[in-house]
Amino acid sequence: MLRNLLALRQIAKRTISTASRRQFENKVPEKQKLFQEDNGIPVHLKGGIADALLYRATVILTVGGTAYAMYELAVASFPKKQD
């Protein structure tokens with residue numbers, strides 16, 4: 001029993017630490033320069049190719065969904081003929 005408690009105490013010491021194991025580079029100033037740069041590109045596209053792809057996919061899904069909804073509305077507005 002005492003052995004288990006000592007092992008638990010040792011594990012707790014190791015896992016709860018205020019020191020970070022890895023040091024990360026602060027990239028915020030670089031991102032601020034990128035997004036504040038006045039180069040005529042909209043802010044939602046300044047992140048690079050991934051932002052452009054996400055924007056285009058959103059536009060395509062929105063236009064396609066609107067067209068599909070209008071089509072279904074047109075189909076529902078005309079009753080089917082009874083034979």
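How much area does the chain expose, and what share of it do carbon and sulfur atoms supply? The chain exposes about 8,500 Å², and carbon and sulfur atoms supply 62% of that area. Keep in mind on this tour that the model is predicted.

Start with the whole chain in cartoon view. You will find three helices and zero strands, following the pattern α-α-α as you read along the sequence. Now colour by burial: of the 83 residues in the chain, buried ones make up 2%.

Next, select M1, which sits in the segment before α1 (2–15). M1 counts as exposed because its relative accessibility is 78%, and the cut-off for exposed is over 50%. Add L2, L5, L6 and L8 to your selection: together with M1 they form a nonpolar patch on the surface, and the accessible area of this group comes to about 600 Å².

Now move to the loop between α2 (28–36) and α3 (49–77), and pick K46 there. Is K46 buried or exposed? K46 is buried, yet it has no salt bridge. Show D38 as well, since this is the nearest side chain of opposite charge, 6.1 Å away. Then display the backbone of E37: its oxygen lies 2.4 Å from a polar atom of the K46 side chain.

For the last stop, select residues 53–71. An unreviewed UniProt entry places the feature "transmembrane region" on this span. In the model, residues 53–71 are 100% helix and 0% strand. Draw a distance between the C-alpha atoms at the two ends of the span, and you should read 27 Å.

Definitions and conventions: Residues are numbered from 1 along each chain as its sequence is written. This is a predicted model: local features need pLDDT of at least 70, side-chain atom pairs count only at pLDDT 80 or more; totals for chains, interfaces and linings use all residues. Side-chain values use heavy atoms; hydrogens and water are left out. Patches are made of residues with over 30% relative accessible area and no salt bridge: like charges are joined within 9 Å, nonpolar side chains (Val, Leu, Ile, Met, Phe, Trp, Tyr) within 5 Å. Accessible areas come from the Shrake-Rupley method with a 1.4 Å probe; for residues, only the protein chains shown count as cover. A salt bridge is a side-chain nitrogen of Lys or Arg within 4 Å of a carboxyl oxygen of Asp or Glu. Helices (H or I, at least four residues) and strands (E, at least two) are DSSP runs, numbered from the N terminus. Buried means under 20% relative accessible area, exposed over 50%, partly exposed in between (1.4 Å probe, protein chains only). UniProt positions are given in the numbering used here, feature names are shortened, and annotations may be inferred rather than shown by experiment. Lys and Arg count as positive and Asp and Glu as negative; His and the chain ends are not counted. A polar contact is a pair of N or O atoms within 3.5 Å; within protein, one must be able to donate a hydrogen and the other to accept it, and residues adjacent in sequence count only if both atoms are side-chain atoms.
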